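Here is a short briefing on one protein model and its ligand shell. Look at the structure first.

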Amino acid sequence: MNEVIELLKKHRSIRKYKPTPIPESDLEQILLAGQAASTSSNIQAYSVVAVTDPERKRKFAELAGNQQQIVESPVFLVWCADLNKIRIAANLHEDVELHQNVEQFLLGTIDATLAAQNATIAAESLGYGMVYIGGIRNNPQGVTDLLALPPLVYPVFGMCVGVPDQEPDIRPRLPLAAVYHKEVYKEEGLISEIKAYDETTRVYYATRKGGGKGGDQETKWSREMLRRFKSDRLRGHLHDFLVGQGFKLR
Ligand SMILES: Cc1cc2nc3c(=O)[nH]c(=O)nc-3n(C[C@H](O)[C@H](O)[C@H](O)COP(=O)(O)O)c2cc1C
């Protein structure tokens, strides 16, 4: 192993932060590392908005379902898919509406995600901790209004960054065999891999330090998936919100 792989494998989300601010020079390095990520055809269809104002962070925390870590983290980054800047670039040459379908929506979403994950690694390499905040999609219109996002831009997820004030255990992942296929997708063996992982997560939650869900609570990954995916609260508002922001999802 090398130190990059070691760093990657040490990742765990941080949800408690010291009040120490992040120097602008560190933040810029983190974001420059984000920009170095691959981007579909070099279109770089994303933007990131940094929020540090305590009152504004409080509002984002509320919009995301009262996630206190947003208030505590010195910087809250909101990663956005951004076709607006592509429109501006194209309109330098011709006054056309962008042609769009689901593909262009995906391009922006994937670009934002890759840049964010690169930034995550850079931040962790500097000793910061982070957690993604998909909770902002509970109220994407509220987030859009607070950030003054123009049409063709949408908030994909937020990200708290700061100096960790907790040391949670690393959260185990599915066995490699449950994600790694050779040549073709094989479902065979998946049930036993999932059962093995259910047991791993049960032990993890029963014994883990420095996070929520401690104690002897029995938490099985497969049951959690059932809970999450049978719910009718799966942010069904997103389609209409995205269409309202000018994305064409056909
Ligand atoms: C796109 C995305 C959105 C997430 N949203 C939230 C969130 O709103 N709140 C939160 O506490 N964690 C959030 N997480 C963190 C995940 O719960 C966490 O990454 C996962 O449980 C694995 O744990 P680990 O990061 O500690 O390894 C999010 C992660 C991703 C990738």
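The points below cover domains, the ligand, one helix and two loop residues.

This is a predicted model: local features need pLDDT of at least 70, side-chain atom pairs count only at pLDDT 80 or more, and totals for chains, interfaces and linings use all residues. Residues are numbered from 1 along each chain as its sequence is written.

**Domains**
- Domain 1 spans 3-169 + 232-244, and domain 2 spans 176-229; the bounds come from an automatic or database domain assignment.
- Their centres, taken over C-alpha atoms, are 27 Å apart.

**Ligand shell**
- The residues around the ligand (C-beta atom, placed from the backbone, within 6 Å of it) include H11, R12, Q67, F157 and R171.
- Strand β3 (129-133) gives the most to this shell, with 3 residues; strands are DSSP E runs of at least two residues, and helices are H or I runs of at least four, numbered from the N terminus.

**Helix α3**
- K57, F60, A61 and L63 are buried in α3 (54-63); buried means 20 or more other C-beta atoms within 10 Å of a residue's own, exposed 12 or fewer, partly exposed in between, with C-beta atoms placed from the backbone.
- Seen down the axis of α3, these buried residues fall within an arc of 165°, so they line one face of the helix; the arc is that of the directions from the helix axis to the C-beta atoms.
- G65 follows α3 and has a positive phi, near 90°.

**Positive phi in loops**
- Most residues other than glycine have a negative phi.
- N42 has a positive phi of about 60° and lies in the loop between α2 and β1.
- A148 has a positive phi near 55° and sits in the loop between α7 and β4.
- N42 is exposed, with 8 other C-beta atoms within 10 Å.
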